[in-house]
Amino acid sequence: MTAKNRTMQITIATSPQTPLNLAHDIALVRTAILYADKTILCSPAYSILLPLLRLGKLKPEEQLDFLERSIPFSGLSDLQKELALEGVRTERQLLSEGNVIQRLFNRQRVQKRLGVKWDRLKKESKPLNQDVAFDDFSAAVKADLLHIHSFKTLESADIENKGFYSEVPKTTSSLVKEFIQFAGQSVSDGSTYPLFDNCTAAEIQK
C-alpha cells in the first residue's frame, strides 16, 4: 500500500469519570474526525450509558419492552418490582385498546407519561443528561466517521436486555482489564494513532 492510499486511523481511549460523563469523549472525537479517515472510540462510559441514553429516543413500545426486561434485575423490592411491571403492562395494553382514533390518543398519553418519567430521571441522574453527546456520536457513526469499540465484558453482562448489572464488582474488574488491554495494544499497533485522555495515558505509562 502506498503512502498516497494509506488511510489515517485514530484510536481514542478514555477512562470513566465520576459521575459518568462524556466530556473527554466529545473533545477527543471532535478533534480526531477532523484529521482521521477512521476514528475508533474505546470508552467504557459511553458503552455503559449508550443503551440508557438510547432509551429516551425509542418508541413507546420499545421503551416498555426495555423496562419490562430491566425491572427484574433492578434493586427494587419484590413488591415494587411487581407494581412497576403491572404499570408497564397497563401502559402496553392502552396502546392496543379501542379503535384507530382511541389508540392514537392512548399512544399520545402513554408517550407523554413516559417522556415525563424520562425527563425526571435525567434531572435526577447527571450521566443521563447528555443528549448533545448522544446526538453528535450517533450522527458520526451514521456518517461512518466514528466506530465504537464493543466490550466483550458488557456483551456478557447483557445490558441491552437487563439494563442493570447482576454482578457489578466482577463486571467492573473485567471491564477495566479489557479496557487497559485494548488501550495498550493500540500503542503498539503501527496502523493506528492512539489518542488518550490524561488518566488513560498515565495508566498505560506505568
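## Cysteines, cores and one helix

The sulfur of C199 sits 13 Å from the closest cysteine sulfur, the one in C42, and that is too far for a bond. This is a predicted model, and a search of the whole structure turns up zero disulfides. As for C42, it is buried, with a relative accessible area of 0%.

Now for the inside. The largest nonpolar core has 23 residues, and those with the most contacts inside it include I12, V29 and L41. Here are the elements that give two or more residues to this core:

| Element | Residues |
|---|---|
| β1 | 9–13 |
| α1 | 23–35 |
| α2 | 44–55 |
| α6 | 131–142 |

Of these, α2 gives the most, with six residues. L41 is a good place to look around: leaving aside its neighbours within four places in sequence, L41 is in contact with I12, T14, D25, V29, Y46, F137, L146, H147, I148 and H149. There's also a second, separate core of 11 residues, with I40, I48, F182 and A183 among them.

Next, have a look at helix α4, residues 78–96. At 1.5 Å a residue, its 19 residues should span 27 Å, and the end C-alpha atoms are 28 Å apart, which agrees. The buried residues here are K81, L85, V88, E91 and L95. They cover an arc of only 120 degrees around the axis, so they lie on the same side of α4. What do they pack against? The buried residues of α4 pack against α3 (60–70) and α5 (100–124). The face turned away from that buried side carries L79 and L83, both exposed. Just after α4, G98 takes a positive phi of about 80 degrees.

Key:
Residues are numbered from 1 along each chain as its sequence is written. This is a predicted model: local features need pLDDT of at least 70, side-chain atom pairs count only at pLDDT 80 or more; totals for chains, interfaces and linings use all residues. Side-chain values use heavy atoms; hydrogens and water are left out. A nonpolar core is a set of buried Ala, Val, Leu, Ile, Met, Phe, Trp, Tyr and Cys residues joined through side-chain atoms within 4.5 Å. Buried means under 20% relative accessible area, exposed over 50%, partly exposed in between (1.4 Å probe, protein chains only). Helices (H or I, at least four residues) and strands (E, at least two) are DSSP runs, numbered from the N terminus. Contact means heavy atoms within 4.5 Å. A disulfide is a pair of cysteine sulfur atoms within 2.5 Å. The expected span of a helix is 1.5 Å times one less than its number of residues. The arc is that of the directions from the helix axis to the C-beta atoms.
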